[in-house]
Amino acid sequence: MRHSRTPFSQRKPNRRGFSLTEMMIVILVIGIMATISAPPMFRYIQSNRLQTDTDRMMADLQYARSLSVARGDILRFQATPAGYTLFNPNTGDMIRQHNFDHGLALDNDAIVDFFPWGMADAAVLNLSNSTGANQINVMPTGIVEVHR
């Protein structure tokens, strides 16, 4: 029994893989999927930023009330369209500061004083961006509510 051997140079290489056409079709399909999914993803990100900053502002307002009661001092929450600060108006000590990013803004300036007995100046703060607006209400009792 004799085996015929083909010289190495005459063998056909065993090629397995993707052709250029197949790769281009895959890239085209991925590009179409990215084009379709990008706008909803950007809206979701903007909506999430609005919700996150609303929750942060609400938490800082609640913190201001509890800190005012704990310290026995009046604390002032001063908001502008660009951001807000929490400070002691008697001493000038800065407690918190936050600037809005990514197109977020308040519709007007507001000052809310929190008193040591738990009460506060009533205020309505509207935080908005391109996806919508959230309303934060500070009640005279010092309770903070969010309306989405």
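# Strands, a helix and a surface patch

Strand β7 (residues 132-138) pairs with β8 in the antiparallel sense, over four bridges. This is a predicted model. The points below cover an open sheet of four strands, helix α1 (residues 20-71), a second strand pair, β1 with β5, and a nonpolar surface patch.

**The four-stranded sheet**
- Strands of a sheet pair through backbone hydrogen bonds, either parallel or antiparallel.
- Here the pairing is antiparallel, and the strand order is β4-β6-β7-β8.
- The sheet is open; its edge strands are β4 (105-106) and β8 (144-147), each pairing on one side only.
- Look at one facing pair: Ile136 stands opposite Val146 in β8.

**The helix across the sheet**
- Helix α1 lies across β4, β6 (123-129), β7 and β8.
- The helix runs at about 10 degrees to β7.

**The β1-β5 pair**
- Strand β1 (residues 75-80) and β5 also pair in the antiparallel sense, over five bridges.
- In this pair, Ala79 stands opposite Ala110 in β5.
- Strand β5 (residues 110-114) is mostly covered, with four of its five residues buried.

**The surface patch**
- Met41, Phe42, Tyr44 and Ile45 make a nonpolar surface patch of about 440 Å².
- One of these residues, Met41, is found in helix α1.
- Is Met41 buried, partly exposed or exposed? Its relative accessible area is 47%. Buried means under 20% and exposed means over 50%, so Met41 counts as partly exposed.

Note on methods. Residues numbered from 1 in each chain as written. Predicted model: local features only at pLDDT ≥ 70, side-chain atom pairs only at ≥ 80, totals over all residues. Heavy atoms only, no water. Patch = residues over 30% accessible without salt bridge, like charges linked within 9 Å, V, L, I, M, F, W, Y side chains within 5 Å. Areas by Shrake-Rupley, 256 points an atom, 1.4 Å probe, with all protein chains shown as cover. Salt bridge = Lys/Arg side-chain N within 4 Å of Asp/Glu carboxyl O. Helix = DSSP H or I, 4+ residues; strand = E, 2+ residues; numbered from the N terminus. Buried < 20%, exposed > 50% of the residue type's maximum accessible area, 1.4 Å probe, protein only. Pairing = 2+ DSSP bridges. Contact = heavy atoms within 4.5 Å. Axes fitted to C-alpha atoms, helices over the stretch in contact; angles between N-to-C directions.
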